[in-house]
Amino acid sequence: MNVNLTPKPINFKFGEYINKGFELLKKDFGGVFVGFLVTFLMSIIPFCGLLGMGNFYQYLRKLNKNQNPSAGEIFDFKDFMSYFTLQLIIIGGVIVLYIPFIIFGGLAGATADANGEVSPFFAILMFPYMFVMLFAIYYFLLKGFYILPLISFKGITDIKTAWNISKVMTKGNLLNIFLFSLVVSILAQIGIIACGIGLFLTIPFAYTANYFAFEDAIQQIEYDEITEIGITEKY
């Protein structure tokens with residue numbers, strides 16, 4: 001674990017992240033948009049989608065701090081293996097969750113009657129499993145909400161360590177994170193109503209809003225040695 005981190009449940013500031021996301025987008029739409037396009041290009045390269053996102057958040061951090069970053073920085077492959085491992089874990093998890101569907105489908109086909117009708121028993125089994133599967137997917141996505149910024153901002157390359165820290169950070173905040181992700185997703189999809197043109201505005205906003213959620217969370221768990229020294233001296 002990074003010695004400069006003190007993992008704890010985050011004070012999740014729902015509205016602040018959305019407002020700051022809009023402000024950054026208005027402040028430097030051109031810079032955000034160019035970075036978004038480069039990130040989109042990165043996502044086309046196999047297994048580079050998460051890498052592009054992580055680099056884009058670093059780019060947004062510099063943009064927010066007026067450091068004039070280059071969009072070319074998003075093509076940095078320094079942390080490729082960490083993101084690659086994370087993607088393999090996600091893909092493996094999805095495959096495991098879908099194995100029962102394959103088994104149920106095979107059994108249903110094998111036991112169908114002469115008319116091709118399947119026993120309602122399989123449907124009864126499928127619906128509860130679909131609910132369990134969706135719950136599992138959302139649970140792991142929400143508990144792992146901070147894995148990406150932990151890799152991108154703090155250089156934590158061990159996925160298990162990032163997962164354990166993220167679990168602590170999201171404690172008591174799963175509903176807030178879910179609602180935040182839902183609202184941001186809805187706002188990002190509003191662009192579809194504008195015949196797709198609005199997507200060039202709304203999808204970059206989703207990234208800026210998430211950036212501020214990640215930035216604030218990392219700041220909350222960073223160990224401030226200077227502050228700690230000051231508190232110690234008082235006692």
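I started with aromatic pairs in this predicted model, and a search of the whole structure turned up 24 of them. I then opened one of the pairs, F12 with F180: it is edge-to-face, at 5.5 Å centre to centre and 80° between the planes. F12 sits in the segment before α1 (14-27) and F180 in helix α8 (residues 174-189), so this pair ties together parts that are 168 residues apart in sequence. I checked burial too, and both F12 and F180 are buried.

Next I looked at Y139 and F140. Their ring centres lie 5.4 Å apart with the planes at 80°, so I noted this pair as edge-to-face. Y139 is partly exposed, its relative accessible area being 33%.

I also found one aromatic cluster, whose members include F29, F56, Y146 and F214. For a charge over a ring, I noted R61, which lies over the face of F153 at 4.1 Å from the ring centre.

On to the nonpolar cores. Which residues have the most contacts inside the largest one? They are L60, Y146, L150 and F180, in a core of 51 residues. I was pleased to meet F180 again, the partner of F12. Helices that each supply at least two residues to this core include α1, α3 (49-64) and α8, while α9 gives the most, with 11 residues.

I followed L150 a little further: leaving out residues up to four places away in sequence, it touches L5, G155, I156, A162, I165, S166, M169, I218 and I221.

Last entry: there is a second, separate core of 5 residues, and F101, F104, M126 and M133 are among them.

Methods:
Residues numbered from 1 in each chain as written. Predicted model: local features only at pLDDT ≥ 70, side-chain atom pairs only at ≥ 80, totals over all residues. Heavy atoms only, no water. Phe/Tyr/Trp six-rings, centres within 6.5 Å; stacked < 30°, edge-to-face > 60°. Helix = DSSP H or I, 4+ residues; strand = E, 2+ residues; numbered from the N terminus. Buried < 20%, exposed > 50% of the residue type's maximum accessible area, 1.4 Å probe, protein only. Lys NZ or Arg CZ within 6 Å of the ring centre and 35° of its normal. Core = buried A, V, L, I, M, F, W, Y, C linked by side-chain atoms within 4.5 Å. Contact = heavy atoms within 4.5 Å.
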